[in-house]
Amino acid sequence: MPGFLIIAHAPLASALQACARHTFPECAATLEALDVPAQMGIDEVETRARTLLARVRRPEALILTDVFGATPCNVAQRLADGVQVKVVAGVNVPMLWRSLCYQHEPLDVLVARAVAGANQGIMQVGHTAPQNQVQAPVHAQNTNHHQQ
């Protein structure tokens, strides 16, 4: 079972970690987060990330990061070997939850499930009336209206 490391721009990583621990409290020992503030140098980010990765690696780990090409992702790529440590960019809550739900799967399958969870969690939500509420008919807006 792999461990998880979220590396993202501050405060996204810790917010996602809190969300995961709220929904999956049993994941506390297998999930770490690293918030990357704007002023933190890439070498310091890497040093901290290596320390956190060592805590969660079992020996496999999945690193989730926010934006491909940004500092968090670039550091994650330095830590990944493509075999026991893999990286997925574009982290969102559905991706994280899907990963935690299937954490017992092999790492390659887990990566595919994480990507599918992220993609399936993105959708346009249409405007609809609130559920279980009756809307007044349009003609009832002016109760003083009389036909003559």
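The chain folds into 5 helices and 4 strands. This is a predicted model. Read from the N terminus, its elements follow the order β-α-β-α-β-α-β-α-α. Strands and helices alternate up to the fourth strand, and two helices close the series.

Start at the N-terminal end. Strand β1 covers residues 3-9. Helix α1 takes up residues 12-23, and strand β2 spans residues 31-36. Together, β1, α1 and β2 form a β-α-β unit, and its hand is right.

Now look at how the two strands meet. β1 and β2 run parallel, joined by 6 bridges. One residue pair to find is L5 and E32: E32, in β2, is the bridge partner of L5.

How much of β2 is buried? The count is 5 of its 6 residues, so the strand is largely enclosed by the rest of the structure. For the chain as a whole, 36% of the 148 residues count as buried.

Step back to the whole chain. Take the contacts between residues at least 6 apart in sequence: 66% of them join residues at least 24 apart. The surface can be described too. About 8900 Å² of the chain is exposed, with 53% of that area supplied by carbon and sulfur atoms.

Finally, turn to the aromatic rings. The structure has 0 aromatic pairs; a pair would need ring centres within 6.5 Å. One ring does have a charged residue over its face. The ring belongs to Y102, and R113 lies over it, 3.9 Å from the ring centre. That distance falls within the 6 Å limit for a charge over a ring.

How values were computed:
Residues are numbered from 1 along each chain as its sequence is written. This is a predicted model: local features need pLDDT of at least 70, side-chain atom pairs count only at pLDDT 80 or more; totals for chains, interfaces and linings use all residues. Side-chain values use heavy atoms; hydrogens and water are left out. Rings of Phe, Tyr and Trp (its six-membered ring) pair if their centres lie within 6.5 Å; planes under 30 degrees apart count as stacked, over 60 as edge-to-face and the rest as tilted. A charge sits over a ring if NZ of Lys or CZ of Arg is within 6 Å of the ring centre and within 35 degrees of the ring normal. Buried means under 20% relative accessible area, exposed over 50%, partly exposed in between (1.4 Å probe, protein chains only). Two strands pair if DSSP finds at least two bridges between them. A crossover is right-handed if, with the strands pointing away from the viewer, the path from the first strand over the helix to the second runs clockwise. Contact means heavy atoms within 4.5 Å. Accessible areas come from the Shrake-Rupley method with a 1.4 Å probe; for residues, only the protein chains shown count as cover.
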